[in-house]
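Please look over the model below. The report that follows covers selected features of the fold and of the side chains.

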Amino acid sequence: MNTGAHADSRAGRPEIPTRLLVHALVREDGTVDTDELHTVAGLLGMTDQQVRLCVKRLVVEGRFTREGRGRKAVLHAVADVTGAFAPDAAFVRHAYRQDTGLAPWDGTWHLFAFAVPESRRTARDALREHLLHLGAAPVHSGLYVTANPVAELVDAEARRLGVLDALTRLTTTDLRIGDTTEPRALAAALWPLTGITERYEHLAAFAESLRARLAEEPQPSDAERLTLAVELAALFTAAMTPDPLLPPELLPQPWPGTRARRLTADCWDHLDPPARTGGSPAPRLFTLYADALRPVDGG
């Protein structure tokens, strides 16, 4: 695959918003090289005008300041904006621990119920979003369940929101919804496993293709390598974000997430940061993923 082929064929590649690309290219020193930004954007099928308009909006919003003009400009992040592209390291490490059998399920379901009045709607919505972020699924209005022990995290958020007195939590090993009691059947009914499977299959196909590309000669150019890293990060984030990280005991086997994560880690081991001119730092993306995907141990 040469640079032209990569730029001309977008079939099966992730669609990356220009704004997220800017975030992905923030370097360790909080800057973005706009020449590098335009080069990678071009490989992703974006136009120079598209990039310029996006940068202008980000500056107007106060998210970045700009030093210089044109492709010689340097953007300075006002705050850490890499979160949109960065994995939650603890979340990812737990997934890899599950993949290697280091986090078996003890058969306990964790349930959370709350009744927050309409006058505190903002807090109620925030608590619900926090539960969903932690992988809980709604059972009925105001009642959520997860197989993971997240009570301390839920309590902390409820306390922060000032609604801890409206939160009830309990555990059970005897969960029944209608006539369904078998754990895997319950998981299949509560969580959108089909959609999650499709995302992981897409990630695995891309990672497998990328691994083959990294074994070929000639090797990808520095700009291609960075582009491929951004694409891999985008697909990994898209697959992991909706994943409730159910224990393997509740999932169809073989579970595609296990293979996709293994392939991703293997690719990242070979995606060294591109060579930097003048000693400029590499994008923070490489450090974030190297940390999140580092090998798990048995502790």
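Is Leu-245 buried or exposed? Leu-245 is buried, because its relative accessible area is 3% (buried means under 20% relative accessible area, exposed over 50%, and partly exposed in between, with a 1.4 Å probe and protein chains only).

This is a predicted model, in which local features need pLDDT of at least 70, side-chain atom pairs count only at pLDDT 80 or more, and totals for chains, interfaces and linings use all residues. Residues are numbered from 1 along each chain as its sequence is written, and side-chain values use heavy atoms, with hydrogens and water left out.

**Loops around helix 10**

Leu-245 sits in the loop between helix 10 and helix 11. Helices (H or I, at least four residues) and strands (E, at least two) are DSSP runs, numbered from the N terminus. Although Leu-245 is not a glycine, its phi is positive, at about 55°. The loop between helix 10 and helix 11 also holds Pro-254, and the peptide bond that joins Gln-253 and Pro-254 is cis, with omega about 0°. A cis peptide bond also joins Glu-217 and Pro-218, where omega is about -5°. Pro-218 belongs to the loop between helix 9 and helix 10 (222–240).

**The sheet and the helices on it**

Strands of a sheet pair through backbone hydrogen bonds, either parallel or antiparallel. Here an open sheet of 4 strands has the order 5-6-4-7, and its pairing is antiparallel. Strand 5 (137–140) and strand 7 (167–172) are the edge strands, each pairing on one side only. From one strand to the next the twist averages 30°. Two strands count as paired if DSSP finds at least two bridges between them. Strand 4 (residues 109–114) pairs with strand 7 in the antiparallel sense over 6 bridges. Within this pairing, Leu-170 in strand 7 is the bridge partner of Leu-111.

Helix 7 (residues 151–161) lies across strand 4 and strand 7 and runs at about 175° to strand 7. Helix 8 (residues 183–190) packs on the sheet, where it touches strand 4, strand 5 and strand 6 (143–146). The direction of helix 8 makes about 95° with that of strand 5. Axes are lines fitted to C-alpha atoms, for helices over the stretch in contact, and angles run from 0 to 180 degrees between N-to-C directions. Contact means heavy atoms within 4.5 Å.

**Thr-18**

Thr-18 lies in helix 2 (residues 18–24). Its relative accessibility is 9%, so Thr-18 counts as buried. Apart from neighbours within four places in sequence, Thr-18 is in contact with Met-46, Gln-50, Val-51 and Cys-54.

**Helix 9 and helix 11**

The axes of helix 9 and helix 11 come within 8 Å and cross at roughly 30°. Helix 9 is therefore roughly parallel to helix 11 (angles under 35 degrees count as roughly parallel, over 145 as roughly antiparallel, 65 to 115 as roughly perpendicular and the rest as oblique). The crossing is left-handed, a term for a near helix turned anticlockwise from the far one by less than a right angle, with clockwise giving right-handed. Among the residues that meet are Tyr-200, Leu-203, Ala-207 and Glu-208 in helix 9, and Arg-259, Ala-260, Leu-263 and Cys-267 in helix 11.

**Salt bridges**

A salt bridge is a side-chain nitrogen of Lys or Arg within 4 Å of a carboxyl oxygen of Asp or Glu. By this rule the count comes to 19 salt bridges. Three of these pairs are tabulated here.

| Pair | Closest N to O |
|---|---|
| Arg-259 and Glu-208 | 2.9 Å |
| Arg-213 and Glu-216 | 3.7 Å |
| Arg-124 and Asp-125 | 3.9 Å |

The pair of Arg-259 and Glu-208 links distant parts of the chain, 51 residues apart: Arg-259 is in helix 11 (residues 256–270) and Glu-208 in helix 9 (residues 193–214). Arg-259 is partly exposed, because its relative accessible area is 34%. Glu-208 is also partly exposed, at 36%.

Arg-213 counts as buried, with 6% relative accessibility, whereas its partner Glu-216 is partly exposed, with a relative accessible area of 36%. Salt bridges that share partners join Glu-118, Arg-121, Arg-124, Asp-125 and Arg-128 into one network. Within that network, Asp-125 counts as partly exposed, at 23% relative accessibility.
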